[in-house]
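Me: Got a model open here and want a quick walk through some of its local features. Can you take my questions one by one?

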Amino acid sequence: MGVMERVKLPAKKASAKASPTPANLPLDKILQGDCIEMMRSLPAASVDMIFADPPYNLQLGGDLHRPDGSQVDAVNDHWDKFDSLAVYDRFTHAWLKEARRILKPNGSIWVIGSYHNIFRVGTALQDNGYWILNDIVWRKANPMPNFKGTRFTNAHETLIWASMGEKSRYTFNYRAMKTLNDELQMRSDWLIPICAGQERLKKGGHKVHPTQKPEALLYRVLLACSNPGDVILDPFFGTGTTGAVAKRLGRHYIGIEREDDYIAAAKERIEMALPLDESTIKTMMAPKAATRVAFGTLVECGMIAPGTLLTDSKRRWKARVRVDGSLDCEGQAAGSIHKIGAAVQNAPSCNGWTFWHIDDGQQLRVIDAVRQDWLLANEA
């Protein structure tokens with residue numbers, strides 16, 4: 001990710017109706033060019049989430065060497081150089097303005113950066129009307145050491161997560177995050193190794209991209225704040241981490257990148273990414289409140305007809321179902337399945353669903369089983 005590579009009152013439920021996605025979006029494509037110009041070509045309110053890894057504006061002067069004299073493969077590319085902080089701020093405001101235009105009202109944006117730029121980005125986010133939800137500290141399990149020994153080792157980067165406004169809705173799969181974290185609430189400090197080993201893309205012994213992000217980081221972000229089928233935009237696409245993870249998780253991506261080498265590496269990488277089976281993508285969402293079903297619902301839909309004979313499991317008491325779902329039991333005033341069940345037993349209360357059974361003269365069937373049949377037939 002790097003330069004020119006590349007939000008709902010409380011969080012919306014997974015069942016909330018999503019905004020429609022325009023049919024003319026370049027889904028699962030990489031747009032080559034300047035990120036601001038390319039975003040201007042996209043329809044308004046068309047993407048569900050944005051993940052942005054903009055230039056850090058490190059302004060490194062000269063090469064950086066290790067104590068043994070070897071050169072550090074650091075960020076010194078042309079795309080990370082701005083003439084002044086004012087120029088960088090204008091660039092930040094410009095791309096955030098376009099990002100806001102193309103985000104759906106219930107969309108959200110994630111921006112990652114280091115101490116060099118993230119505070120300026122945070123101010124720009126607020127200036128452009130976004131509402132900051134969290135700042136996440138990505139603690140690097142294996143950070144690059146401080147070779148000069150003049151400062152603390154930079155062992156983290158910061159991600160800002162923001163919605164479109166204070167009262168807008170946004171996707172947050174809280175339950176999925178808790179499940180991912182061994183049934184503990186996910187905290188705002190994430191310990192994830194930096195991109196290394198086979199995941200680190202190299203060409204000719206050198207990194208293809210100096211700030212390639214680990215897929216584990218994007219996996220967590222996309223799992224937390226998007227749903228299968230959502231459209232994820234990455235305006236600083238780089239070598240395509242966002243696209244590869246989106247493909248695995250059943251999301252669509254749109255990447256924007258201007259560097260030929262990064263685009264080539266991203267296309268090859270995404271092509272090799274294997275989407276997960278649909279059943280494995282289903283995440284543990286917030287426990288769903290049990291659907292309340294009145295006994296009368298089963299009567300009016302014909303699953304238990306008026307006149308049906310009900311009895312307890314030992315056939316001690318019998319009652320007839322009336323047209324309004326009440327029971328007619330000899331010696332008792334008509335009442336609900338729970339009230340009549342309690343009355344015949346001379347008990348303070350009764351769960352009529354498990355007490356009463358349908359008696360067809362041969363076998364008994366508990367009426368709760370009929371309720372489960374209704375739920376299976378009527379719940380999506």
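What follows is a short chat about a sheet, some helices and two residues.

Me: Before we start, what sort of model is this, and which cut-offs apply?
Reply: It is a predicted model: local features need pLDDT of at least 70, side-chain atom pairs count only at pLDDT 80 or more, and totals for chains, interfaces and linings use all residues. Residues are numbered from 1 along each chain as its sequence is written, and side-chain values use heavy atoms, without hydrogens and water.

Me: What is the strand order in the open sheet of five strands?
Reply: The order is β13-β12-β11-β14-β15, with antiparallel pairing. Strands here are DSSP runs of E, at least two residues, and helices are runs of H or I, at least four, numbered from the N terminus. Two strands pair if DSSP finds at least two bridges between them.

Me: Which strands are at the edges?
Reply: β13 (327-328) and β15 (364-366). Each pairs on one side only.

Me: And how many bridges join β11 and β12?
Reply: Three, in the antiparallel sense, between β11 (residues 309-311) and β12 (residues 318-321). L309 stands opposite R320 in β12.

Me: Which strands does α12 lie across?
Reply: Helix α12 (residues 367-378) lies across β11, β14 (357-359) and β15. It runs at about 55° to β15. Axes are lines fitted to C-alpha atoms, for helices over the stretch in contact (heavy atoms within 4.5 Å). Angles run from 0 to 180 degrees between N-to-C directions.

Me: Switching to α5 and α6. How do their axes cross?
Reply: The axes of α5 (residues 215-225) and α6 (residues 241-248) come within 9 Å and cross at roughly 55°. The two helices are therefore oblique to each other. Under 35 degrees counts as roughly parallel, over 145 as roughly antiparallel, 65 to 115 as roughly perpendicular, and the rest as oblique.

Me: Which residues meet there?
Reply: From α5, E215, L218, Y219 and L222. They meet T241, T242, A244, V245, A246 and R248 in α6.

Me: Any odd backbone angles to look at?
Reply: D28 has a positive phi of about 55° although it is not a glycine. D28 lies in the segment before β1 (29-32). E183 also has a positive phi, about 65°, and is not a glycine. E183 lies in the loop between α4 (174-180) and β6 (189-192).

Me: Is D28 buried or exposed?
Reply: Partly exposed, with a relative accessible area of 33%. Buried means under 20%, exposed over 50%, partly exposed in between (1.4 Å probe, protein chains only).

Me: And E183, buried or exposed?
Reply: E183 counts as partly exposed, at 39% relative accessibility.
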